[in-house]
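Please open the model in the viewer and keep the selection panel at hand. The tour proceeds by selections, each followed by a description of what is found there.

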Amino acid sequence: MKKQTTQKIALTGLMAALSYVVFTFLQIRIQLPGGDATSIHLGNAVCVLGALLLGGVYGGLGGAIGMTIGDLLDPQYIVYAPKTFLLKFCIGLIAGLIAHKLGKITTEKDNKKVLLWSTLAAVGGLLFNVIFDPLIGYYYKLLILGKPAAELTLAWNIGATAINAATSTIVSVIVYMALRPALKKAGLFFTLS
């Protein structure tokens with residue numbers, strides 16, 4: 001049990017590093033009026049992938065830590081770091097709950113059911129983000145920057161978040177379905193309940 005916990009912590013760090021790299025270096029940044037920005041990225045895909053592989057807590061932490069570090073190191077995003085940590089952690093928790101508690105994907109032998117539950121988990125976690133990321137961002141900007149700035153960026157944030165959710169769902173499920181047999185063969189697949 002101790003060896004498995006150590007492996008999960010190490011893989012959480014790997015997911016944090018991967019989400020940081022994907023979010024920071026492989027993003028399409030969209031500059032918004034007033035000095036704000038939003039971006040198209042696959043950082044959320046790493047968060048969901050972590051939840052599918054490691055469970056909600058470890059996967060959510062990996063994605064949350066990586067993308068929060070990305071925010072902290074970027075002057076344009078630094079103010080959003082607390083929001084990023086909370087929302088990305090929730091993506092992982094929700095995806096992990098659906099995948100492992102409801103779908104039991106690590107013990108399921110039917111690949112069609114694994115694909116279905118992995119997709120439902122990704123959609124569930126990322127749908128949460130599509131709703132709450134722009135909503136929390138709107139109220140944050142409303143309180144800090146004032147109503148005009150909040151309304152000006154809301155539509156852009158909704159659009160970028162929706163694109164991120166769609167692409168992240170596809171990528172995370174494809175990568176998970178490809179990694180699953182390889183990890184089982186190598187003896188590195190975690191059976192979660």
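Select first the contact of helix α1 with helix α3, where Thr-5, Lys-8, Ile-9, Thr-12, Met-15, Ala-16, Ser-19, Tyr-20, Phe-23 and Thr-24 in α1 meet Tyr-58, Leu-61, Gly-62, Gly-63, Ile-65, Gly-66, Met-67, Ile-69, Gly-70 and Asp-71 in α3; contact means heavy atoms within 4.5 Å. By class, this contact comprises 10 nonpolar, 8 polar and 2 charged residues (nonpolar: Ala, Val, Leu, Ile, Met, Phe, Trp, Tyr, Cys and Pro; charged: Asp, Glu, Lys and Arg; polar: the others, Gly among them). Helices (H or I, at least four residues) and strands (E, at least two) are DSSP runs numbered from the N terminus.

The model is predicted: local features require pLDDT of at least 70 and side-chain atom pairs count only at pLDDT 80 or more, while totals for chains, interfaces and linings use all residues. Residues are numbered from 1 along each chain as its sequence is written, and side-chain values use heavy atoms, with hydrogens and water left out.

Now display residues 2-25 (α1) and 56-72 (α3) in full: the helices pack at an angle of about 40°, with their axes 7 Å apart. Here axes are lines fitted to C-alpha atoms over the stretch in contact, and angles run from 0 to 180 degrees between N-to-C directions.

Next, select residues 28-31 and 37-40, strands β1 and β2, which pair in the antiparallel sense over 4 bridges; pairing requires at least two bridges found by DSSP. Arg-29 has Ser-39 in β2 as its bridge partner. The two strands form a hairpin with 5 residues between them, and Gly-34 in the turn has a positive phi of about 85°.

Proceed to the cysteines. Why does Cys-47 form no bond with Cys-90? The sulfur of Cys-90, the closest cysteine sulfur to that of Cys-47, is 9.5 Å away, too far for a bond. A disulfide is a pair of cysteine sulfur atoms within 2.5 Å, and by this rule the count is 0 disulfides. Cys-47 is buried at 0% relative accessibility, and Cys-90 is buried at 18% (buried: under 20% relative accessible area; exposed: over 50%; partly exposed: in between; 1.4 Å probe, protein chains only).

Select Ala-122 in helix α5, a buried residue with a relative accessible area of 0%. Ala-122 touches Val-48, Thr-169, Ser-172 and Val-173, not counting residues up to four places away in sequence.

Finish at Lys-104, in the loop between α4 (81-102) and α5 (111-144). Lys-104 is partly exposed at 43%, and its phi is near 45°, a positive value in a residue other than glycine.
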